[in-house]
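Thanks, everyone, for making time this morning. I would like to go through one structure with you, a piece at a time, so please have the viewer open.

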Amino acid sequence: MLGLLSSAIMRFIAPLLAVSSMGILVCGFNAFPTKHLTHHVPLSVSRSSLFMSASFGSFPEEWSDSDNSESTGRYSTNQYDGNDGAFPLPDDTDITEARQLRWEREAMVQSKFVSDDGVFELRRKISDLRLRLMDAREKLAEEGQQQRIRDLEEQLFSLNTKDAEFMYAMSLELMENAQREGDLHTAEKYRLQAAEARLVIPQLNMHGLWVGKYGDHGFEMINVTYAGDTLVATKVTGDQNVPKGEVSFTVDLSPHIHSDKGMLSLEPIELNAKASRQWGKKFLPRYEGQGQVAAEGFTNGKWIEGQLILVGRFFSFAWVPIGHQVFFGRPSSDLTLKMLREQQEDDLKRDQVSVMREAAHNMMEETYWIEKDDSFQGGWE
């Protein structure tokens, strides 16, 4: 199942990898060209792990510290179906009025816009309509073109209002124009309109914790935050190459409404019919980013070209020049606590080693001066 998705991804990003023996999977890859410069190393994934991830079930067993999430009341990826990072509430938990109102408001906002694969179909219609409008404007002198132009403009406007990314970008632009003109009332109206559209853009609502397997380093946790429209993935747990607290990758997700490429800087990956049925999606959006790599000890760090690929409730990030890709999913609450506890224990061990090293150094220095002092005194006898 995952192989179908893998082959589709390879069609798009393999030419960029400039390697011949690499078979990229959504969860990893088979070969790795560089061994020392990066914390991203070969990823081994079991057949059962691939099946569970590919079928949108719970995380592979090693991702979740739970044998049966349903029977124990624990929650994992298969029970999560949202973009805001919140885990579902148990059935016996009372839902507050404020939360219920928020859900209703989000559902109302969502109903205004096209989502998922419908977005790409919508944009194709918009692109075709825009060409027809340009053709009509070129034939302006011909009889009946004025009315045709007005009709096409109305259709184009109607379709654009169903694209959340377009409305978000356009509202921000109109807000900035109003602010420059000193019209604060209008600026606030467009700010609220932009905020509303932003709520339903998946790639701008990935806040929170995610877990992915960084090759031989094992599973690591990142925290996704945003600086404006730039996604920032900071390591919550790290390794000897890129430690915790450092940024693993960033992605500029600003919509490009005036770009010749359209709303996206990269064309989406289009799955074939069989893979589309199995994954429940036809298009996988992707975005240009920057990934950080470094040698051991976080030395010789640098940023290289990367790509963020959305895969339903999951996503992957590819470090393109080195041909490496990490597949991320939401961790269960138990796994989150386990990984944080292990990171804390590792930090404590490193602190203890540092204390012992410093103590040994001080003892050696003290021994040196004692011996030197004894030698000095012996010279006077």
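How are H7 and H8 oriented, roughly parallel or roughly antiparallel to each other? Before I answer, please keep in mind that this is a predicted model, and that caution applies to everything that follows.

Let us start from the geometry: helix H7 covers residues 164–180 and helix H8 covers residues 184–198, and their axes come within 8 Å and cross at roughly 160°. Angles over 145 degrees count as roughly antiparallel, and therefore H7 and H8 are roughly antiparallel to each other. As for the hand of the crossing between H7 and H8, it is left-handed. If you want to select the residues that make this contact, H7 contributes, among them, Met167, Tyr168, Leu172 and Met175, while H8 contributes residues including Ala187, Tyr190, Arg191 and Ala194.

Now to the strands, and I will begin with S1, residues 208–213, which is joined by six bridges to S2, residues 219–227, the two running antiparallel. Along this pairing, Trp210 has Ile222 of S2 as its bridge partner, and Lys213 stands opposite Phe219, again in S2. The hairpin of S1 and S2 has five residues between the strands, and within that hairpin Gly215 takes a positive phi near 55°.

S1 is also joined to strand S10, residues 324–329, by two bridges, and here too the strands run antiparallel. On this side of the description, the residue to find is Val211, which stands opposite Gly329 in S10.

Going back to S2, we find that six bridges join it to strand S3, residues 230–235, and that S2 and S3 run antiparallel. One pair to display is Tyr226 with its bridge partner in S3, Leu231. The hairpin of S2 and S3 has two residues between the strands, and the positive phi in this hairpin belongs to Gly228, at a value near 70°.

The last item is a single side chain, Gln307, which you will find in strand S8, residues 299–311. Is Gln307 buried or exposed? Its relative accessible area is 1%, and because buried means under 20%, Gln307 is buried. The side chain of Gln307 does have a polar partner, however, since it makes a polar contact with the side chain of Arg286 at 3.0 Å.

That is where I will stop, and I am happy to go back to any of these elements.

Methods: Residues are numbered from 1 along each chain as its sequence is written. This is a predicted model: local features need pLDDT of at least 70, side-chain atom pairs count only at pLDDT 80 or more; totals for chains, interfaces and linings use all residues. Side-chain values use heavy atoms; hydrogens and water are left out. Helices (H or I, at least four residues) and strands (E, at least two) are DSSP runs, numbered from the N terminus. Buried means under 20% relative accessible area, exposed over 50%, partly exposed in between (1.4 Å probe, protein chains only). A polar contact is a pair of N or O atoms within 3.5 Å; within protein, one must be able to donate a hydrogen and the other to accept it, and residues adjacent in sequence count only if both atoms are side-chain atoms. Two strands pair if DSSP finds at least two bridges between them. Axes are lines fitted to C-alpha atoms, for helices over the stretch in contact, and angles run from 0 to 180 degrees between N-to-C directions. Angles under 35 degrees count as roughly parallel, over 145 as roughly antiparallel, 65 to 115 as roughly perpendicular and the rest as oblique. A crossing is left-handed if the near helix is turned anticlockwise from the far one by less than a right angle, and right-handed if clockwise. Contact means heavy atoms within 4.5 Å.
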